[in-house]
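Biologist: Got a minute to go through this one with me? Put it up and we'll talk it over.
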Amino acid sequence: MGEDLVSSSLGSFQYDPAPESRLTARLRPNYGLFIDGEFTNPMSHDQFETLNPATEETLSSVAQASSTDVDRAVLSARRAYEKVWSKTTGAERSKYLFRIARLIQERSREFAIVETLDNGKPIRESRDVDIPLSAAHFFYYAGWADKLDHAGFGANPKPLGVAGQIIPWNFPLLMAAWKLAPALAAGNTCVLKPAETTPLSALLLAEILQQAELPAGVVNILTGDGSTGAALVDHGGVDKIAFTGSTDVGRLIQQRVASSRKRLTLELGGKGANIVFEDAPMDEMIEGVIDGIFFNQGHVCCAGSRLLVQESVADDVLRRLLRRVDQLRVGDPMDKNTDVGAINSSAQLARINKLTEYGEEEGATRYSSSCPLPDKGYWFAPTVFANVAQSHRIAREEIFGPVLSVLTFRTPEEAITKANNTNYGLACGVWSEKGSRTLWVANRLRAGVIWANTYNRFDPTSPFGGMRESGFGREGGRHGLEAYLNV
Ligand code: NAI
Ligand code: MG
């Protein structure tokens, strides 16, 4: 695989390293909690380290918030809600959101570097996707803050109060933006808990909130592990919980919240089907399928992790796909030419290894890229499994890594049955030149997001969210406001 390209008439060629400089990112050796507009020490003085998963070096030490700290943050958010934010007009709120958006843009390079160092994702992605989209979310919701009367929820819709927001490590700043921007636009105050392996961009965002002179307590940011998240979920002073993460933790949160008056939205896992018909535009489709699963190392809840290919073209598609996989450049996330970066943590790498071992044991055929992997850090070669059956674990469970399972189908009906044969329902893709077929299929797919002849497209104006075990509630668009309004 791949030799035919390397030894073509062009001869072999290599990219020179093109590393982004780390100097722009001025990381502090340690960080406190962001409560009431200031960085403060956690009550217990417990700290934990966050690593660069590409090198295993320690980047910084951050505070572990206890339930006492959660209490302080919720009280601060409540005070800010009652005394300031609920009395601030929509037009005023929008000014702050515009400021935050502009400051993210101004410091976008710094954000991209911090995100890549802390998360392991390629700098190309943090620079071109995560950070611009984060700013775009603040811009978009800034525009809604003074127009809530016209959002379709009746006249003068009211905020919920204090929102507790728990986010994962795969898109750290972007998930913070998805949660904070609509909440603030709608008039809520927030307590945000970033994931334990990727707290740094949220702490940088805290600096921006200070720079934007957002009133103290309107946003509080608590670093910590699952126990911090659990304390936030259980806190009696919180009116709403918004969670993005694993289905297991989502289920747990739903149980904890069930007996309370708290509102809840959950954005959980997925096992997205990318459906390729025989008339699909071949080159675009291959790129879309690659992007659908290898973008962000496959740490994407809506990843197109199941490829369903029409049998008549399956051999050809697999051949082209494997050739393309072998060309992916895996390695230093700070290099601007890198396509696939590091796996976010050793725990996640262990999960991916375990599930791919099941894939081999259950009889699927494994192809892994022959790319060299760095010695230090957490790495997984882009992998494709062919001959996958629907009963295989790699066809049913979310791997959350650079691993694609390929299945085949003969008729559109069979494609739909197979695509819907999952407990999840977050996203699907359809590849065909025929618009009528795409619409016919899309209407029958049970998923919150359907992409046609593209994949992993995000836009703040477009609602995103799941059904069944992928959760409920929408983020983005006008729909995203509903999650933070008393309607
Ligand atoms: P996780 O669900 O444990 O972590 C997500 C967030 O929830 C983190 O901030 C974590 O500290 C917090 N959390 C953990 N336990 C909690 C609790 N009991 N109460 C409140 N908050 C809690 O996910 P994890 O362990 O990082 O990844 C496990 C698997 O979950 C992945 O392999 C992947 O399949 C899936 N996942 C899905 C994501 C998505 O975007 N849908 C994001 C991250 C993980
Ligand atoms: Mg980290």
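Modeller: Let's take the ligand shell and then a couple of backbone oddities.
Modeller: This is a predicted model, where local features need pLDDT of at least 70, side-chain atom pairs count only at pLDDT 80 or more, and totals for chains, interfaces and linings use all residues. Residues are numbered from 1 along each chain as its sequence is written, with chains lettered from A and ligands numbered from 1 in the order in which they are written.
Biologist: How many residues surround ligand 1?
Modeller: There are 27, and G226, G229, G245, S246 and C301 are the closest; a residue is near if its C-beta atom, placed from the backbone, lies within 6 Å of the molecule.
Biologist: Which elements give two or more residues to that shell?
Modeller: Those are α8 (226–234), α9 (247–258) and α12 (346–361). Of the elements, α8 gives the most, with four residues. Helices are DSSP runs of H or I with at least four residues, strands are E runs of at least two, and both are numbered from the N terminus.
Biologist: OK, new topic. What's odd about phi at N387?
Modeller: N387 has a positive phi, about 55 degrees, without being a glycine. Most residues other than glycine have a negative phi.
Biologist: Where does N387 lie?
Modeller: In the loop between β14 (383–386) and α13 (393–396).
Biologist: And what about phi at R468?
Modeller: R468 isn't a glycine either, and its phi is positive at about 50 degrees. R468 sits in the loop between β17 (449–452) and β18 (471–472).
Biologist: Why does R468 count as partly exposed?
Modeller: Because R468 has 18 C-beta neighbours inside 10 Å; buried takes 20 or more other C-beta atoms within 10 Å, exposed 12 or fewer, and partly exposed is in between, with C-beta atoms placed from the backbone.
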